[in-house]
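This briefing is an introduction for a reader who has not met the structure before. Please look through the sequence and the model first, then read the points below.

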Amino acid sequence: MTLTSKTVFPVAVSLMLGLNVAAWWHVSIQTDLAAQAPSNGARQAAASPSAADRLITDYAQQMIAQGRQTFRYDTFGSEAFWGDALQLHRAIAGAKSGGVGDGVSPKAALSIGLKVDVDALPTALQAQIKAGKVNLDDPATTLALLKLNAVVGVTGLFDAGGSLKSMGIQCAFCHSTVDDSFAPGIGKRLDGWANRDLNVGGIVSLAPNLKPFTDLLGVDAATVRKVLGSWGPGRFDAELDKDGKAFRPDGKQAGTLIPPAFGLAGVNLHTWTGFGSVPYWNAYVAATEMHGSGTFFDARLATSAQYPVASRSGAANTRGTPDRVTSKLAALHFYQLAIPAPAPPSGSFDKAASTRGKAIFDAKAKCASCHVPPLYTEPGNNLHTPAEVGVDAFQADRSPTHMYRTAPLAGLWSHQRGGFYHDGRFATLREVVDHYDDLFKLGLTEREKADLVEYLKSL
Ligand code: HEC
Ligand code: HEC
């Protein structure tokens, strides 16, 4: 018999299969052995962890503690921008306390989505607030809260005489909220949760001096205010100061929703458009958006056609001195990976319907082909063209990838305010499901759609 491709092929395939079977068999034997002795192994590990194992556990704990500190409290020197340059602290203090205008009362601060950390309030003050003895209409109370470091994501810097002299912001400003356990907007910190109540544009537009923006973007203050006013609660535009695109071509606002910073372990690319990894984006934000003092480098952003503003400002090669960011990136990364997506509250979805919905997600609706459980994004290069998900390219084209990242869906229930997809174009989960039903011609029945929505609420 002569060897032709027809005969070689099956032989080769069966050889490959044979090898695979052998490899699989080997693995499964090892797994069986491991399964027989897990308690032994676990007991040994618990009784006498080796020095090397202890080192790893201690390191992990230290990194989480450091990362939490940075995430919650580190301004990275951003007070040079928010306070010294924009003078935002003066608008918060108000004329009566040495600033300008009426000032921002705690009620006003809460209504634009700022949150108060109840654990930073002394017990006596908590009792006074409960008893209605604290004036929440008085900006002086806001200053007192800032002195206690109780405003989530905002740090006030005070001089020796007790006057507010500057302010900076933290990651927690946009990516933490509170559990409302004390009162609406006042409670225990929930790190990693997207603050969809926060009106970032509304807060920034209070700044007495918008010159840093007008200079950078080459427009007047009224235009800057119009742009800031267009985002609304839960949105921010992290590309505006790179590409100068203040509005979509259809005239709608160009901000994106604040995504959660939890449930990110195992997910490859981050941001709605997959700019890069978690530490990539953390450096981008700390050095170029929060305007901390740090290093950020990405040659992709130096292209004048896509990023005219960044190529003028040099943001693609940001070298702030002293560098107050780089030494914190590792622990900050670690901390975010350690934050699990929160489980949905009991009773917030229909269990039986969500079980049926899971089967639809996995099979008929093909959702799981991109949102691969349990990461709910693809292991690998988790990006798709705008056409693949049936949306326009505006936001994708603001990213070096020109793509949209498959959104990881765990904890979806916690960020329903503001809608879904990068810009919140779908107001409800039902609208998202209807969109896919049309796009992929799924032919889902009313009941299947409802079941799928219950499943999404259960993730
Ligand atoms: C002013 C609000 C704001 C601040 C402050 C902020 N972020 Fe974000 N963050 C956003 C927005 C908006 C996006 C989405 C950006 C995009 O896709 O273009 C984002 C995206 C992210 C992502 C990607 C999440 C995902 O699902 O891929 C991570 C992680 C993140 N931020 C962490 C941080 C950290 C850490 C800090 C502090 C160094 C920080 N952010 C500061 C608003 C903010
Ligand atoms: C081709 C890959 C792909 C398929 C198939 C797919 N998705 Fe998506 N999904 C994406 C991408 C990419 C995004 C992000 C879109 C954006 O940011 O504008 C997304 C976003 C979402 C969001 C919004 C998440 C958020 O945080 O706003 C939900 C919900 C969702 N998908 C559910 C589903 C369901 C349900 C199905 C099945 C009916 C499905 N997806 C099928 C790729 C896919």
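Helices here are DSSP runs of H or I with at least four residues, strands are runs of E with at least two, and both are numbered from the N terminus. Counted in this way, the protein has 19 helices and twelve strands. The model is a predicted one, and two ligands are described below, each with the residues that surround it.

**Overall build**
- The protein has 459 residues, and 39% of them count as buried.
- Among contacts with a separation of 6 or more, 67% join residues that are 24 or more positions apart.

**Confidence**
- The average pLDDT of the protein is 91, and 90% of the residues score at least 70.
- Residues 1–38 are a stretch where pLDDT stays under 50.
- For residues 1–38 the model has two contacts beyond four places in sequence.
- Where pLDDT is low, the predicted coordinates should not be read in detail.

**Around ligand 1**
- Ligand 1 is surrounded by 26 residues, of which Cys171, Cys174, His270, Thr271 and Trp272 are the closest.
- Two or more residues of this shell come from each of α9 (172–175), α14 (278–289) and α16 (329–338).
- α14 gives the largest share, with five residues.
- By class, the shell around ligand 1 is made up of 18 nonpolar, seven polar and one charged residues.

**Helix α14**
- α14, which supplies the largest share of the shell around ligand 1, is mostly covered, with ten of its twelve residues buried.
- The buried residues of α14 include Val278, Trp281, Asn282, Tyr284 and Glu289.
- Also buried in α14 are Ala283, Val285, Ala286, Ala287 and Thr288.
- β9 (295–297), β10 (317–319) and α16 are among the elements that cover the buried residues of α14.
- α16 also gives two or more residues to the shell around ligand 1.
- His291, just after α14, has a positive phi of about 60 degrees.

**Around ligand 2**
- The shell around ligand 2 holds 25 residues, and the closest are Cys367, Cys370, Phe420, Tyr421 and Tyr436.
- α18 (429–439) and α19 (446–457) each provide at least two residues of this shell.
- The largest share, four residues, is from α18.
- By class, 18 residues of the shell around ligand 2 are nonpolar, five are polar and two are charged.

Methods:
Residues are numbered from 1 along each chain as its sequence is written. Chains are lettered from A and ligands numbered from 1 in the order in which they are written. This is a predicted model: local features need pLDDT of at least 70, side-chain atom pairs count only at pLDDT 80 or more; totals for chains, interfaces and linings use all residues. A residue is buried if 20 or more other C-beta atoms lie within 10 Å of its own, exposed if 12 or fewer, and partly exposed in between; C-beta atoms are placed from the backbone. Two residues are in contact if their C-beta atoms, placed from the backbone, lie within 7 Å. A residue is near a molecule or strand if its C-beta atom, placed from the backbone, lies within 6 Å of it. Ala, Val, Leu, Ile, Met, Phe, Trp, Tyr, Cys and Pro count as nonpolar, Asp, Glu, Lys and Arg as charged, and the others, Gly among them, as polar. pLDDT is the predictor's confidence in each residue, from 0 to 100.
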